[in-house]
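Let's take a walk through this structure together, from the outline down to single residues. Have the model open and turn it as you read.

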Amino acid sequence: MIGERPGPGAAREYRFPRSFEHTAAGGLRVIVVPMPARPLASVQLLLPGGAAGEPADGSGLTAALARLLTEGGERHDADGLVEASEVLGAKIGAEAGWESVVIGASLPASRLAGILELIAEIALAPRLPEREIERVKALRLAAIEQAHASPRSRASEALIAEIYAPSAAYSRPIGGTRESVSRISREALLERHRQLLAGGVPTLVIAGEVDFEAVARIVDSSPIAELRAGTWRDGAAPDTPSDERTQTDEAPRLVLLDRPGSVQSELRIGKLGRSRRDPLFYAALIHSEVLGGLFGSRLNRVLREEKGYTYGAAAGFEFRRGRGPFTARTAVESSVTAAALVEARAQISSMIERPASVEELAAARQYLRGTFPLRFGAAAPVAAAVAGLVAVGLEPAELDRFQASIDSVDDAEVARVAHDLDGEPERIVVVGDASTIASPLRDAGFSVEIRGEALST
């Protein structure tokens, strides 16, 4: 006799590690997250002011600067920095986001003092050698060419440019464009670095098997305490970046990027989404899982399982300090491009016509609650999560409320997310063979604009 398949167990309660705070003399904010039995600690220095603060002609400067920080400082060149960090059992890295630049490392908790000196060195006075600047520029330009040749990357990049107005930083790739990257100079990078040091309150996050009081003493006696809280040039603290959208009263426009000979089409549907600071953030997470996150989501179930159009389809919000994009994405055989696009739009609209069911809401809540603790077994993801919240202007305690916040979302809030999304202007981008798919798309009622940015097959 075959027994019944066991169902999922009840989700366990999870408490995010408690954090403690200290402020150094110059205003550096220090957040310490003690984690017993985690001898490998994580250190993350957050400098507020990321790519969202760049002007159009400076696009890519912040990302380039982050890559160059690890080329050394006043005391160490790139090789010397690697050697000094390896002696500590660490590897230093730096990354730029929309809201901040983060310099980080993981290492044995007993060696914090040494790594803080190295991080302070490159944060306060990066070397920025001309030869490395040209190398980083060349790498970025090569990556741009590679992305342009990829139908998937090209479709996603074109969609973002359609959702936001050209004046909005979010309309551009975080790494910059061909034109802006080509213009990067050492002088521009130094100026961007000065802006970062003057841009609000720097934050140091340390997680691992550490003692709060001991860490505070180490920080106060370290060169990293020289980092000071800056003030923006206009005298105001950084706030939500511009999320200007393209204004339109026309019917949904479809941009078709021609890729002659392609046997597949990349489909993208996009709208202006929500901010991470939005009160309906948790409802938006559930909406995303029901629509296009879970394997059994509406979009994937219909396009993959019922229609057989694709191997997979997904949709969801990208949350930032400002209003990030909402996107739905899939790839299909050319012959079903129009039918798949019509069905994908119908599934997005279905969240209005058929609000999430009790079963769908339960599955989304269970998934979000159940997977949340799995992310935080080590110190590095804990420090990264805290730094990410600080970057968007939220507090670490938000993480401890995650599961309860998911549970408290009701169906009306999810319906409100769907309703608000439905009211946003829609943008559609398709990458495929225009000679094959343009007519069926027009027959399906789309206003098609073909752009001759042919992509090689």
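A good place to begin is a bridge between two strands: Ser42 has Ser106, in strand E5, as its bridge partner. Bear in mind as you look that the model is predicted. The pair of serines belongs to a longer arrangement, in which strand E3 (residues 40–48) and strand E5 (residues 100–108) run antiparallel and are joined by nine bridges.

Now widen the view to the sheet around them. Its six strands follow the order E1-E2-E6-E3-E5-E4, with mixed pairing, and the sheet is open. At the edges you will find strand E1 (20–23) and strand E4 (93–96); each has a single partner strand, so one side of each lacks a neighbour in the sheet. From one strand to the next, the twist averages 20°. Look next for helix H1 (residues 61–69), which lies across E4 and E5 and runs at about 175° to E4.

With the sheet in place, step back to the whole protein chain. There are 17 helices and twelve strands to find in it. Its radius of gyration is 24 Å, close to the 23 Å that the globule rule gives for 457 residues, so the chain is as compact as a globular protein of that length. Along the principal axes, the C-alpha atoms fill a box of roughly 70 × 60 × 45 Å. Contacts that reach far along the sequence are plentiful here: among those between residues at least 6 apart, 81% join residues at least 24 apart.

What about the inside? Buried residues account for 51% of the 457 in the chain. The largest nonpolar core has 72 residues, and Leu254, Ile286 and Leu341 touch the most other members. Helix H13 (residues 379–391) gives the most to this core, contributing nine residues. Zoom in on Ile286: leaving aside residues up to four places away in sequence, Ile286 touches Leu361, Ala364, Arg365, Leu368, Ile406, Val409 and Val414. A separate core of 50 residues lies apart from the largest one, and its members include Ala109, Leu112, Leu116 and Val136.

Finally, come out to the surface. The chain exposes about 20,900 Å², of which carbon and sulfur atoms supply 51%. For one residue to look at, try His419 in helix H16 (residues 411–422). Is His419 buried or exposed? Its relative accessible area is 52%, and exposed means over 50%, so His419 counts as exposed. From its C-alpha atom to that of Arg375, 44 residues away along the chain, the separation is 31 Å.

Terms used: Residues are numbered from 1 along each chain as its sequence is written. This is a predicted model: local features need pLDDT of at least 70, side-chain atom pairs count only at pLDDT 80 or more; totals for chains, interfaces and linings use all residues. Side-chain values use heavy atoms; hydrogens and water are left out. Two strands pair if DSSP finds at least two bridges between them. Helices (H or I, at least four residues) and strands (E, at least two) are DSSP runs, numbered from the N terminus. Axes are lines fitted to C-alpha atoms, for helices over the stretch in contact, and angles run from 0 to 180 degrees between N-to-C directions. Contact means heavy atoms within 4.5 Å. A nonpolar core is a set of buried Ala, Val, Leu, Ile, Met, Phe, Trp, Tyr and Cys residues joined through side-chain atoms within 4.5 Å. Buried means under 20% relative accessible area, exposed over 50%, partly exposed in between (1.4 Å probe, protein chains only). The radius of gyration is taken over C-alpha atoms; the globule rule is 2.2 Å times the number of residues to the power 0.38. Accessible areas come from the Shrake-Rupley method with a 1.4 Å probe; for residues, only the protein chains shown count as cover.
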